[in-house]
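Student: I've got a model open and I'd like to go through the labels people put on it. Can you walk me through how each one is earned?
Tutor: Sure, pull it up and ask away.

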Amino acid sequence: MSKLSEVPIKVEVYDALSDWEVHTGQGENVVARRMKGRFRTLKNFGMSVWLIYFLGPYLRWDGHQAVLLDIPEQQFHLFALTLYPQDIWVLSLTLLFFAILLAAATSIAGRVFCGYFCFQTVWTDIFTFIEGQFEGKTPQKQRKFNTEPWTASKAFRKVGKHGVWLAIAILTGITFSAWFTDAYQLWGDIFSLQAPTPVWVAMGIFTFFTYWFAGFMREQVCFWLCPYARLQGVMYDQETVLPAYDAVRGEPRGKLSRSGTQDANKGSCIDCKLCVAVCPTGIDIRKGQQEGCITCGLCIDACDSIMDKINEPRGLIRYASHKELHQGKAEVSLWKRPRVIVYSLIMAFSIMGVGYGFTHFEPTEFNVVHERRPLYIQMSNGDIQNKYTLKLLNKTDQPLVVNYHIEGLPSASVDGLEQGITIQPGKIVPVTALVRLPSETTESGLHAFHFIATSVGSSAISNRYKAVFIAP
């Protein structure tokens with residue numbers, strides 16, 4: 001970092017304001033004021049992505065659930081595709097893509113995942129919205145409501161709020177289970193009390209933690225429990241754009257006069273504290289970057305609305321980098337930032353791998369295991385015999401009748417492959433093959449050949465496996 005004498009911006013202004021602020025949860029809960037604005041609209045859009053979580057299990061495809069994680073059968077149904085444990089590399093690349101996407105987004109624009117998509121902040125936002133409908137939409141109204149003596153109306157509103165909270169929490173738990181079993185049958189099993197034990201366990205865990213975390217702990221989960229909140233700082237650099245207060249322009253703060261004009265000797269900030277009022281974690285962005293900042297941009301909406309009213313240009317609080325505010329440097333292009341380039345390359349390779357995997361799934365998977373103890377045996381007539389176990393996984397949704405034979409050992413005889421083997425969908429039927437070669441025509445060493453598996457009635461389904469015959 002440059003020395004202070006070389007920085008063309010008044011860094012001492014930022015140093016004077018800098019103050020680490022953490023809401024410890026003692027006293028009143030944070031009740032954020034809701035305001036319209038472009039970042040609130042963006043946040044609502046990001047929250048709506050979670051509708052996929054609630055609606056996804058009820059989509060049907062070709063007579064079955066479109067997306068189903070069938071753990072007992074070790075199958076992952078994704079519309080027309082069925083993935084097996086052997087295809088885990090495709091899922092791994094998918095998870096790698098999203099992990100790197102999270103890191104890339106953080107290095108570019110901070111904790112945007114927390115601000116717009118994180119389940120904790122989304123559920124908390126929904127729970128606080130419901131609380132506002134029952135108890136008041138501002139801290140003052142809620143404080144007044146909670147200090148009033150108990151009446152039938154107050155009890156009804158309290159019970160109503162917690163009833164809606166519990167309903168959402170229970171629905172969250174049921175929906176989680178619906179991804180692992182048939183969603184429509186699940187509801188019948190729950191109402192008839194015939195659901196399996198894992199369903200009740202999942203419902204209990206999700207109901208409790210959703211109700212507790214979103215209803216009571218709220219921003220404290222982000223402060224104390226979330227590991228990502230503690231790691232996000234190492235993903236920043238001086239070019240990361242974050243919601244930030246332009247202290248050079250805003251300081252010193254001053255109130256508006258009765259005539260509605262601003263003192264010429266004062267900065268643009270009129271100390272209305274609206275940026276603090278709308279913050280879901282209760283921080284003051286004017287004190288610098290805080291651990292509790294989830295970069296949702298709601299403080300920007302609040303400040304811009306005030307700037308519009310006092311005829312000041314927007315941007316007193318805006319997305320800006322450390323270099324822009326503290327060093328007066330222009331924003332660096334994303335494609336000139338090394339870490340962004342590295343992240344982009346990793347994501348590109350992940351996407352290509354996932355695309356290749358989804359477009360090159362084979363209907364079967366063929367594997368041959370050579371018996372190792374012993375590697376070979378010599379028969380009483382002098383013939384050399386090797387033992388193999390053939391395993392073919394049927395990835396289709398129909399039974400397959402498979403015939404096996406070998407190629408590459410002209411004088412060999414095979415036992416165990418005389419008839420077709422029926423393999424049910426998603427199953428493997430091990431087959432033992434005994435391959436023999438006459439000793440007088442067999443040279444010592446390794447002899448390469450192929451096992452061929454062909455489906456009866458479907459010549460397109462054919463597999464080859466290169467094996468080795470061992471002779472003394």
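Tutor: One term before we start: a helix here is a DSSP run of H or I with at least four residues, numbered from the N terminus. Phe-349 sits in one of them, helix H17. Keep in mind that this is a predicted model.

Student: How many helices and strands are there in the chain?
Tutor: The count is 17 helices and 16 strands.

Student: What makes the span of helix H17 agree with its 22 residues?
Tutor: Helix H17 covers residues 338–359, and at 1.5 Å a residue those 22 residues should span 32 Å. The C-alpha atoms at its ends are 32 Å apart, so expected and computed spans agree.

Student: Why is Phe-349 called exposed?
Tutor: The cut-off for exposed is over 50% relative accessible area. Phe-349 has 55%, so the label fits.

Student: Which residues of H17 are buried, then?
Tutor: They are Val-340, Tyr-343, Ser-344, Met-347, Ser-350, Gly-353, Val-354 and Gly-357. An α-helix has 3.6 residues a turn, so residues three or four places apart point the same way. As for what they meet, the buried residues of H17 pack against helix H4 (88–109).

Student: How far apart are Phe-349 and Leu-95 in sequence and in space?
Tutor: In sequence they are 254 residues apart, and in space 13 Å, C-alpha to C-alpha.

Student: Why is Leu-274 called buried?
Tutor: Buried means under 20% relative accessible area. Leu-274 comes in at 10%, so buried it is. You'll find Leu-274 in helix H14.

Student: What is Leu-274 in contact with, leaving aside its neighbours within four places in sequence?
Tutor: Contact needs heavy atoms within 4.5 Å. Outside those neighbours, Leu-274 has contacts with Arg-33, Met-35, Ala-302, Ser-305 and Ile-306. Take Ala-302: its C-alpha is 6.0 Å from that of Leu-274, with their positions 28 residues apart along the chain.

Student: Now the backbone. What is worth a look in the phi angles of Asp-62 and Asn-311?
Tutor: Most residues other than glycine have a negative phi, and most peptide bonds are trans. Asp-62 has a positive phi, near 55 degrees, and Asn-311 has a positive one of about 60 degrees. Asp-62 is in the loop between strand S1 (60–61) and strand S2 (64–65), while Asn-311 is in the loop between helix H15 (298–309) and strand S7 (317–320).

Student: Are those two residues buried or exposed?
Tutor: Exposed. Asp-62 has a relative accessible area of 65%, and Asn-311 has 70%.

Student: And where are the cis peptide bonds at Pro-252 and Pro-374?
Tutor: The bond from Glu-251 to Pro-252 is cis, with omega near -10 degrees. Pro-252 lies in the loop between helix H13 (247–250) and helix H14 (274–277). The other cis bond joins Arg-373 and Pro-374, with omega about -5 degrees. Pro-374 belongs to the loop between strand S8 (364–370) and strand S9 (377–378).

Student: Last one: how does the radius of gyration of the chain compare with that of a compact globule?
Tutor: For 472 residues a compact globule would have one near 23 Å, but the chain has 32 Å. Along its principal axes, the C-alpha trace spans about 110 × 65 × 35 Å. Buried residues make up 42% of the 472.

Technical notes. Residues are numbered from 1 along each chain as its sequence is written. This is a predicted model: local features need pLDDT of at least 70, side-chain atom pairs count only at pLDDT 80 or more; totals for chains, interfaces and linings use all residues. Side-chain values use heavy atoms; hydrogens and water are left out. Helices (H or I, at least four residues) and strands (E, at least two) are DSSP runs, numbered from the N terminus. The radius of gyration is taken over C-alpha atoms; the globule rule is 2.2 Å times the number of residues to the power 0.38. Buried means under 20% relative accessible area, exposed over 50%, partly exposed in between (1.4 Å probe, protein chains only). The expected span of a helix is 1.5 Å times one less than its number of residues.
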